[in-house]
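I opened the notebook to go through one model from the whole chain down to single side chains. These are my entries, in the order I looked things up.

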Amino acid sequence: MLKNIRFLIFIAFCTVCIHTMAQTQILEPIKWKFSISEKGEIQAKASIDKGWHLYDFGLPEGGPISTEMRIVQITGAKAVGKPFANKKATQAYDASFDMQLRWFEKEVVLSQKIVLSDKDKFSVKGEMEFMACDDEKCLPPETVSFEFKKSDLPASLMVETKEAAEQNNEAASTANPHLPDSQSPEILTEGDKEVSKDSSIEDVATADAKDLWTPVIEELSQFGKTGFSGAQSSWWIILLSGFIGGFIALLTPCVWPMIPMTVSFFLKRSKSNRKKAITDALTYGMSIIVIYLALGLLITAVFGASALNDLSTSALFNLIFFALLVLFAVSFFGAFELSLPASWTTKLDSKADSTTGLLSIFFMAFTLVLVSFSCTGPIVGTLLVEAASMGNMIGPAIGMFGFALALSIPFALFAIFPSWLQNLPKSGGWLNSVKVVLGFLELALALKFLSVADLAYGWRILDRETFLALWIIIFAMLGFYLLGKIKFSHDSELKYVSVPRLFLAMVSLSFAIYMVPGLWGAPLKAISAFSPPLTTQDFSLYKGEVLPKTHDYETGMAMAAKENKPVLLDFTGYGCVNCRKMEAAVWTDPRVKQIIDNQYILISLYVDDKTKLPAEIQIEEFGKKRTLKTVGDKWSYLQRSKFGTNAQPFYLLLDNKAQPLNKSYAYKEDIEAYIQFLREGIDNYNRR
């Protein structure tokens with residue numbers, strides 16, 4: 001016992017060390033401090049570390065990301081003119097970008113002039129987008145937000161008259177003599193008006209932005225059907241997952257011992273009539289399928305397919321499911337026993353005895369479902385969540401059908417061929433080992449649910465390297481358990497390691513070692529569907545991932561028009577398993593990466609992003625009024641209203657007027673087909 005405790009402490013210490021080493025690699029060479037001056041200027045003071053520099057506003061195309069100061073929302077005031085710096089930027093030739101560039105070093109104050117119109121209603125939200133470089137490397141572009149309210153205004157700052165505002169406007173237009181007007185970025189505001197809770201998409205958008213939201217469902221259909229039916233592919237995956245889940249549940253201590261007991265019961269009931277015995281056993285198997293199928297349809301009918309999809313990325317739901325899976329895992333390890341009240345199964349047993357015919361068999365099947373709950377519950381629950389994420393009614397039903405089919409087949413087969421029962425392995429210690437193995441797997445799966453909530457809400461408590469470190473420990477400990485190096489109180493004595501246990505231990509330990517390079521950024525395509533994306537990794541040596549230019553639709557379309565490039569619009573989700581598979585298996589191919597990086601503007605829109613919108617948006621859909629509260633709501637509505645679908649992943653190629661260039665593409669891990677999809681879009685864009 002003492003050795004086991006020491007081993008666990010050592011593993012935990014290694015995990016902390018790994019995460020600490022990764023965290024020390026975080027670079028933050030620029031620190032920002034925001035304030036409002038007595039002159040009525042929003043000031044962003046940048047303190048720049050030695051050896052680093054911050055780029056100026058309005059750099060030429062083809063170079064690094066220019067610094068931008070954006071006013072996202074403003075009330076009781078108006079932004080006047082363009083942002084400016086308090087000193088002249090250093091200008092020099094940069095060999096890395098092969099052009100003349102301008103940047104600031106040590107310290108600079110960037111300002112935006114505002115004019116007060118109503119001091120009591122004053123509020124402003126904005127953001128700074130910037131990029132930091134030194135002589136050897138550049139960090140990815142970053143965005144920091146700022147927000148001010150009435151209480152942040154200097155006491156001496158007063159509401160300005162119309163004449164003073166006009167003078168300030170003229171002065172602000174030439175406030176930065178170091179920056180040519182042709183290179184100055186315009187401040188992005190929402191029409192210089194307050195955005196109220198009752199705003200609509202049309203109210204917030206400019207005239208050009210309205211065109212970006214115009215539906216193109218008919219135009220898209222003219223190119224033909226989607227390049228591949230991701231939904232149908234997912235149905236097969238859900239069916240297979242359900243079948244495998246049912247087979248695993250079959251090997252648990254709750255279900256396995258019931259096979260000979262139940263089959264013997266049926267044979268005794270119809271001892272004189274073998275045909276009736278077989279018919280009853282088949283009916284029993286069908287009853288199991290009907291019960292689980294009804295369970296899947298009932299849950300979907302109560303909550304709704306789309307509600308279940310939203311629920312699957314809800315922080316509360318994922319945290320509850322995470323806690324439940326951990327609870328089940330601890331139970332599987334033998335800490336305590338989880339079971340439904342005995343009175344429930346007793347009542348069903350009495351019903352089965354007091355009734356006859358099909359109803360009696362149905363009650364017996366229901367008894368099996370309740371008795372096996374402590375082992376099948378986490379498997380069924382996980383399956384329902386994954387199936388519901390498809391966003392339609394049929395997903396959970398298909399998953400439950402696959403699960404029940406695998407669970408019912410043995411009962412029917414052993415009833416038809418009762419002599420097989422003699423060769424059936426007896427219940428014993430091996431069943432407990434199966435339960436413990438399931439406990440380790442449930443513990444690993446629990447982290448997936450915690451990760452979904454963590455990504456959707458941007459908590460950053462379970463970044464990729466932390467997730468991988470925990471999985472490495474879990475699967476390494478599973479391997480040691482199978483070898484008999486870790487024992488629980490209720491385990492039978494392991495006199496020797498059987499061949500199946502040896503091979504399973506080799507698989508588990510090999511899997512743990514396979515994940516180790518991921519701590520330094522290896523893509524790990526085999527588990528890309530479960531682990532957080534590479535973008536959450538603090539330290540990565542891997543440079544092959546494809547990163548979007550932006551996560552905002554309108555911003556990305558403006559970038560595409562400016563650079564005269566088509567758009568690859570990617571509707572994705574933090575909880576989308578198939579999205580991660582496509583990104584790891586297809587996007588990382590060098591040919592695909594080259595096309596996307598160089599010939600397209602990639603816009604990734606997360607439909608389950610829980611970030612609150614600056615102002616809620618009222619829309620009308622299918623005759624009902626709805627409120628879009630989060631960024632994910634907005635992009636999900638865009639996908640439904642403009643393109644007529646709500647499945648992810650969903651890829652579209654658009655021209656600069658947001659018109660389709662090719663048929664859409666869904667989930668299919670076919671690199672050649674995806675390359676053809678991209679090239680056809682480029683050809684059609686060039687023709688236009």
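The entries below go from overall counts to sheets, salt bridges and a surface patch.

**Entry 1: the whole chain**

I noted at the start that this is a predicted model. I counted secondary structure and got 22 helices and 16 strands. I then asked how much of the protein is buried. Of its 688 residues, 48% count as buried. I looked up the surface as well. The protein exposes about 33800 Å². Carbon and sulfur atoms supply 60% of that area. I also checked how far apart in sequence the contacting residues lie. I took the contacts between residues at least 6 apart in sequence, and 74% of them join residues at least 24 apart.

**Entry 2: the sheet with β4**

I traced an open sheet of 3 strands in the order β4-β9-β11. Its pairing is antiparallel. Which strands stand at the edges? They are β4 (68–75) and β11 (142–149). Each has a single partner strand, so one side of each has no neighbour in the sheet. I looked up the angle between neighbouring strands here, and it is 15° on average, with direction ignored.

I followed β4 further. It pairs with β9, residues 123–130, over 7 bridges in the antiparallel sense. I picked out two positions. I71 has G126 of β9 as its bridge partner. Q73 stands opposite K125, also in β9. I then asked whether β4 is mostly covered or mostly open. It is mostly covered, since 6 of its 8 residues are buried. I wrote a reminder beside this: in a regular strand, side chains alternate between the two faces of the sheet.

**Entry 3: the sheet with β5**

I found another open sheet, made of 4 strands in the order β1-β2-β8-β5. The pairing is antiparallel here too. The edge strands are β1 (30–36) and β5 (77–85), and each pairs on one side only. Neighbouring strands in this sheet are turned by 20° against each other on average, direction ignored. I checked the β5 edge. It runs antiparallel to β8, residues 107–116, and 6 bridges join the two. At one position I saw K78 opposite V115 of β8.

**Entry 4: salt bridges**

I searched the whole structure and found 16 salt bridges. I looked at several of them one by one.

I began with R70 and E127. Their side chains meet at 2.8 Å, N to O. R70 sits in strand β4 and E127 in strand β9, 57 residues apart, and the pair links distant parts of the chain. Is R70 buried or exposed? At 11% relative accessible area, R70 is buried, because the cut-off for buried is under 20%. I also asked which residues share a network with this pair. The network of salt bridges links E68, R70, E127 and E129.

I went on to D538 and R460. The closest N and O atoms of this salt bridge are 3.4 Å apart. D538 lies in the loop between α17 (499–515) and α18 (553–563). R460 lies in the loop between α15 (429–457) and α16 (464–482). The pair therefore ties together parts that are 78 residues apart in sequence. I looked up the cover on each side chain. D538 is partly exposed at 22% relative accessible area. R460 is partly exposed at 42%.

I finished with R591 and D589. Their closest N and O atoms are 3.3 Å apart in the salt bridge. R591 counts as partly exposed at 40% relative accessibility, whereas D589 is buried at 12%. I noted why the two get opposite labels: buried means under 20%, so D589 falls inside that class and R591 does not.

**Entry 5: a nonpolar patch**

I looked for nonpolar side chains grouped on the surface. One patch consists of L316, I320, L324, L327, V330 and F336. Together they have about 490 Å² of accessible area. I singled out V330. It belongs to helix α10, residues 315–332. V330 counts as partly exposed, at 32% relative accessibility. I noted that patch residues need over 30% relative accessible area, so V330 passes this cut-off at 32%.

How values were computed
Residues numbered from 1 in each chain as written. Predicted model: local features only at pLDDT ≥ 70, side-chain atom pairs only at ≥ 80, totals over all residues. Heavy atoms only, no water. Pairing = 2+ DSSP bridges. Axes fitted to C-alpha atoms, helices over the stretch in contact; angles between N-to-C directions. Patch = residues over 30% accessible without salt bridge, like charges linked within 9 Å, V, L, I, M, F, W, Y side chains within 5 Å. Areas by Shrake-Rupley, 256 points an atom, 1.4 Å probe, with all protein chains shown as cover. Salt bridge = Lys/Arg side-chain N within 4 Å of Asp/Glu carboxyl O. Buried < 20%, exposed > 50% of the residue type's maximum accessible area, 1.4 Å probe, protein only. Contact = heavy atoms within 4.5 Å.
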